[in-house]
Amino acid sequence: MELRQVAGKIKGALAGVAMGDAMGMPAEMWARGHIRRRFGVIDDFLAAPEENEITRGLSAYEVTDDTEISVILAESIIAARGSIDPRDIVERISAWAE
C-alpha cells in the first residue's frame, strides 16, 4: 500500500473519530435512558445542553477530549515512526492537559 493510501486511511479514521465525538458530545457520559428522554434520537450535530455538566457550553460540531487524545496518539505514533512510545504519549497528554 502506498504512503498516500495509508495517509488517506488515517485521515479518514481521525475524521470519523471527530465526527462521532461531535455528534455524541451533547450526551457525553449520560445513560441511554436519559439520552432517549432528553433527545429521543441524536441524528444531527447539536449544542451541549446546559444540564450536561461535562460538555455544557460547547456548540454544535465541537469535539471533546476524546478527539484531542486521538490526535495526540496519532502525532506520537508519527513521531515514533509507527511505534508506540508510552513515555512520549504521557508527555504529550500531560502537556495538553496543562
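In which hand does α3 pass α4? In this predicted model, for which local features need pLDDT of at least 70, side-chain atom pairs count only at pLDDT 80 or more, and totals for chains, interfaces and linings use all residues, the crossing of α3 past α4 is right-handed (the near helix is turned clockwise from the far one by less than a right angle). Residues are numbered from 1 along each chain as its sequence is written, and side-chain values use heavy atoms, with hydrogens and water left out.

Helix α3 spans residues 65–79 and helix α4 residues 86–97; helices are DSSP runs (H or I, at least four residues) numbered from the N terminus. Their axes lie 9 Å apart, and the packing angle is about 140°. α3 is therefore oblique to α4 (neither under 35 degrees, nor over 145, nor 65 to 115). On the α3 side, the contact (heavy atoms within 4.5 Å) includes Asp65, Ile69, Leu73 and Ala79, and on the α4 side Ile89, Arg92 and Trp96 are among the residues met. Seven residues of this contact are nonpolar, one is polar and five are charged (Asp, Glu, Lys and Arg count as charged; Ala, Val, Leu, Ile, Met, Phe, Trp, Tyr, Cys and Pro as nonpolar; the others as polar).

Most residues other than glycine have a negative phi. Met29, in the loop between α1 (3–24) and α2 (32–39), has a positive phi of about 70°. Its relative accessibility of 67% makes Met29 exposed (over 50% relative accessible area, 1.4 Å probe, protein chains only). Tyr61, in the loop between α2 and α3, also has a positive phi, near 80°, and is exposed at 57%.

Methods: Axes are lines fitted to C-alpha atoms, for helices over the stretch in contact, and angles run from 0 to 180 degrees between N-to-C directions. Helices (H or I, at least four residues) and strands (E, at least two) are DSSP runs, numbered from the N terminus. Buried means under 20% relative accessible area, exposed over 50%, partly exposed in between (1.4 Å probe, protein chains only).
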